[in-house]
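Hi,

Here is the structure I said I would pass on. Have a look at it first, and then read my notes below.

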2 protein chains.
Amino acid sequence: MLSAVRAAFWDKGYAGTSLDDLLTATGLGKGSLYGAFGDKQSLFLRVLREYDEANDRMLRGWLERADRGIDVIRDFVTGSLLDPSGEQARRGCLLANTAMELSASAAEVAAEARRSYAATTAVLAEAVRRAQREGDVASRLDPDVTARAVLAGQLGLVVLGRIGQDPAALSAMAEALLAGLLPSS
Amino acid sequence: MLSAVRAAFWDKGYAGTSLDDLLTATGLGKGSLYGAFGDKQSLFLRVLREYDEANDRMLRGWLERADRGIDVIRDFVTGSLLDPSGEQARRGCLLANTAMELSASAAEVAAEARRSYAATTAVLAEAVRRAQREGDVASRLDPDVTARAVLAGQLGLVVLGRIGQDPAALSAMAEALLAGLLPSS
DNA sequence: GGTGTTATGGACCAATCAGTCAATAACTGG
DNA sequence: CCAGTTATTGACTGATTGGTCCATAACACC
């Protein structure tokens, strides 16, 4: 139910998704949707927060189950690039897409983005520390700063993926970012 | 005249800018604006293309006048972060902002973004080559791949700047990106 | 099976959207 | 000074927006 709403906002953006789009996506009537979720903005914020939480849980799960810390970072950066058709890269990231659209006008969205990226940075920094203990990443690096730089690089890939940059170029960029930001010595 | 339109689209996004906003910004009447620039989409594309061309000219000018190639790359990455209030960072980049909003629905915008980023990459790659000749950047790096990685990192900083990440953290990220992607040896 | 409660749908609303057009004002060259 | 052209304006349109509301349908409980 909410996943249909999420897909609509994801592909069309917030302003670009009309109430009619949401009704079609959910199959609900107008009154039902308002009774269940409130107005458009409330529904959007709810979907966005659940998306962020799901991503955070996923990343933490990766870190728990991964053989090595560096694998988590690698998967984080290359994750959306694996689809050879580039379709997944074109969708971008619901949070990044809508944060760019709305941060200037909706303070709650900007705050949610900061909160979510802080959580992501914390997990990435933990992965960097683990990778350092495991000898895969130079110990001279500051884990927090490195984690933030990795996040910035990944976000740049999201932007370039969304505009339809070809997957091969995106993968080459990802490799260059990983090699540069996570030197083994 | 067009710069007022650019400011409106920049801050509010495409869908978020109404015709009334444009009339207020320009001081024109409705018919005048239509007579001069056509419909909203044409006006937007014109403003976007001029913005891209101005950025391209500016970057090429930097490269011509810079003492060292690496200075150009450094300025490119840290350029919008210098404003200590973070206000400039919050505005983001007209191209990045609107490309994220519209790439999925307006193929022309996505194509314009690809074109513009390809031009930027070409100048950055030239700067990398020059920095390699000048001994500031390791010659083992592939200039094209490095340029693309720098672009991705800068775009990530734009995203994080737009959501209101604090300027100190942005600067730290920029330094980490530059240090990692442009090693001197 | 009847009754009180909740969920549903779609008619309806005011506001706003992008875009048109004809009347008018401001220029232009002669 | 005037005729012809161009530029400007704001009222107007039809479509669409987000949101309300009430009649009705489905349901649960006794």
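**What I found**

Chain A has 10 helices and zero strands. Read from the N terminus, its elements go α-α-α-α-α-α-α-α-α-α. Please keep in mind that this is a predicted model. Along the principal axes, the C-alpha atoms of chain A fill a box of roughly 60 × 30 × 30 Å.

**What the record says**

UniProt has an unreviewed entry here, and it lists "domain: HTH tetR-type" for residues 1-55 of chain A. In the model that span is 78% helix and 0% strand, with its end C-alpha atoms 18 Å apart. The unreviewed entry also places a "DNA-binding region" at residues 18-37 of chain A. Those residues come out as 80% helix and 0% strand, and 15 Å separates the C-alpha atoms at the two ends.

**The DNA**

Let me start with strand C. There are 14 residues around DNA strand C, and the closest are S32(A), L19(B), K30(B), Y34(B) and K40(B). Of the strand C atoms within 4 Å of the protein, 51% are sugar or phosphate atoms and the rest belong to bases.

Which parts of strand C do K30(B) and Y34(B) reach? For K30(B), an N or O atom of the side chain is 2.4 Å from a base oxygen. For Y34(B), a side-chain N or O atom is 2.7 Å from a phosphate oxygen. Chain A takes part too: a polar backbone atom of G31(A) sits 2.8 Å from a base oxygen of strand C. The elements giving two or more residues to this surface are α3 (30-37) of chain A, plus α2 (19-26) and α3 (30-37) of chain B. By class, the surface near strand C has three nonpolar, six polar and five charged residues.

Now for strand D. Here 14 residues surround the DNA, with L19(A), K30(A), Y34(A), K40(A) and S32(B) the closest. Sugar and phosphate make up 50% of the strand D atoms that come within 4 Å of the protein.

I have three phosphate contacts for you to look up on strand D:

- Y34(A) has a polar side-chain atom 2.6 Å from a phosphate oxygen.
- K40(A) places a side-chain N or O atom 2.8 Å from a phosphate oxygen.
- S32(B), from the other chain, has a side-chain N or O atom 3.5 Å from a phosphate oxygen.

The elements that supply two or more residues to the surface near strand D are α2 (19-26) and α3 of chain A, along with α3 of chain B. That surface divides into three nonpolar, six polar and five charged residues.

**Where the two protein chains meet**

How many residues does each chain bring to the contact? Chain A brings 36 and chain B brings 37. About 3,100 Å² is buried between chain A and chain B, and carbon and sulfur atoms give 75% of that area. On the chain A side, M100(A), R162(A) and I163(A) lose the most area to chain B, together 24% of what that side buries.

As for the polar side of things, there are zero salt bridges between chain A and chain B. Four residue pairs are in polar contact between the two chains, counting pairs with both residues at pLDDT 80 or more.

Which helices of chain A face chain B in this contact? α7 (94-102), α8 (107-133), α9 (143-162) and α10 (167-181) each supply at least two residues of the side of chain A that touches chain B. α9(A) gives the largest share of that side, 13 residues. Sorted by class, the side of chain A that touches chain B has 24 nonpolar, seven polar and five charged residues.

**One salt bridge to look up**

Over all chains, the count comes to 22 salt bridges. One pair to find is R68(A) with D136(A), whose closest N and O atoms are 2.5 Å apart. R68(A) lies in the loop between α4 (40-65) and α5 (69-78) of chain A, and D136(A) lies in the loop between α8 and α9 of chain A, so this salt bridge ties together parts that are 68 residues apart in sequence.

Over to you now, and happy browsing!

Terms used
Residues are numbered from 1 along each chain as its sequence is written. Chains are lettered from A and ligands numbered from 1 in the order in which they are written. This is a predicted model: local features need pLDDT of at least 70, side-chain atom pairs count only at pLDDT 80 or more; totals for chains, interfaces and linings use all residues. Side-chain values use heavy atoms; hydrogens and water are left out. UniProt positions are given in the numbering used here, feature names are shortened, and annotations may be inferred rather than shown by experiment. Helices (H or I, at least four residues) and strands (E, at least two) are DSSP runs, numbered from the N terminus. Contact means heavy atoms within 4.5 Å. Buried area is the accessible area (1.4 Å probe) that two parts lose on being put together, summed over both. A salt bridge is a side-chain nitrogen of Lys or Arg within 4 Å of a carboxyl oxygen of Asp or Glu. A polar contact is a pair of N or O atoms within 3.5 Å; within protein, one must be able to donate a hydrogen and the other to accept it, and residues adjacent in sequence count only if both atoms are side-chain atoms. Ala, Val, Leu, Ile, Met, Phe, Trp, Tyr, Cys and Pro count as nonpolar, Asp, Glu, Lys and Arg as charged, and the others, Gly among them, as polar. A residue is near a molecule or strand if one of its heavy atoms lies within 4 Å of it.
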